[in-house]
Amino acid sequence: MQSAYLTISQLEKRFDNFIALQNISLSVEEGEFVCFLGPSGCGKTTLLRTIAGLESSNKGRIEQLSVDITNAPAQQRDFGIVFQSYALFPNLNVADNISYGLVNNKLSAQQRNARVKELLLQVDMPGIESKYPNQLSGGQQQRVALARALAMKPGLLLLDEPLSALDAQVRHHLRQEICHLQRNLGITTIMVTHDQEEALTMADRIVVMNKGKVEQIGTPQEIYNHPINAFVAGFIGSMNLINVRVQDQQHVLIGDAPIKLNNAVDASITSGLIGFRPEAVKIMDHDDDSVVQQQEAMDNITLMAKIKEVTFMGAFCRLQLLLVLSDKSGEDISIELDISSQHSLIVNKTLTEQKDALVNLQIARKNLHFYPETQAEVAA
């Protein structure tokens, strides 16, 4: 079996008494696009810089193609890096910025010029060799920075939040181009981002980090559909998370309402969170007598709620609802539901005719996630 392109084993990094990275272990396959995703301060940039040799680790091992590079200086590591701030030399034109690393590589001026033209063509910016950074837009500068990172034909491309300084439209377009370029070149790539949409749309696999630890590693589909704990569930996409008590190994209580789960709960667990995505909820007419039969037939659970607010979000609308429970002693439980904009016209009509309109909600049990109290830390 072929070993991974990059292997990180039990890596730790401390800044005085602060633990920035704790027991990080992961592998990256050759040609793979991996995103380090997490909130600010979670350690993702520190991990990237440690891989690059720009930070030293206190413990652990980093191997590139089975070669130990843990203590190797940055200049001896086979990587190209693109920073959020572009880091172009303002006094050098585009050609000189891109070829900066080639000067000491014993290439002739003609060879360097040919390589610059090739790279500018790859990043879809031919013919701008003589321009200076201050003559370029932010998106253009980032493309030049990307071309410079690729100039030495590195085995590993490191991207440190390369799109965060750009406006939304440019960011969307450039991330498509980065993906296309990465796939064409087959270059192993690691990107740091705090933007979940970037990670979900660009990565082959996502490494979700929090407080210096890896919470979950998986494909975008695995991370979104099967979050391993409440932090990942709350950080990736929108997730309704409700405090529940465990009634028995098959049921949890929302207020006094028992909810049957698909999977058994450990007998030692007494409480936790139940989670479901807004798009996993179906809205039904409160007077529909067939709801209970449908619930049993389709293995759904049914909850009653009041519609409090409808927010238009383009292709869909997000409803804010309050659950209606028989247990009156608890706090109000607010949840979100996503419906098509066309369906929202019916909802708005109902709200106009009847304040605090009651509706039945259906959720398939397979779409419910239960997180015991030991896994109940939620993303802020």
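**Figure 1. The lining of the largest cavity has six nonpolar, one polar and one charged residues.** This is a predicted model. The largest cavity has a volume of about 40 Å³. Its nonpolar lining residues include Val82, Leu146 and Pro162. Gln142 is the polar residue of this lining. Arg143 is the charged one.

**Figure 2. Two helices each supply at least two residues of the lining of the largest cavity.** They are helix H4, residues 138–150, and helix H5, residues 168–185. H4 provides the largest share, three residues. Leu159, Leu174 and Ile178 are also among the lining residues.

**Figure 3. The second largest cavity has a volume of about 30 Å³.** Leu146, Leu150, Leu157 and Ile178 belong to its lining. So do Leu181, Gln182, Leu185 and Ile187. By class, this lining has seven nonpolar residues, one polar residue and no charged residues. Gln182 is the polar residue here.

**Figure 4. H4 and H5 each supply at least two residues of the lining of the second largest cavity.** H5 gives the most, with four residues.

**Figure 5. The structure holds two cavities of 30 Å³ or more.** Leu146 lines the largest cavity and also the second largest cavity. Ile178 is likewise in the lining of the largest cavity and in that of the second largest cavity. Arg143 lines the largest cavity, whereas the lining of the second largest cavity has no charged residues.

Terms used
Residues numbered from 1 in each chain as written. Predicted model: local features only at pLDDT ≥ 70, side-chain atom pairs only at ≥ 80, totals over all residues. Heavy atoms only, no water. 1 Å grid on protein atoms, 1.4 Å probe; cavity = no way out; pocket = protein on both sides within 12 Å on 5 of 7 lines; lining within 4 Å. Points joined across faces, edges and corners; volume = space filled by probe spheres on them.
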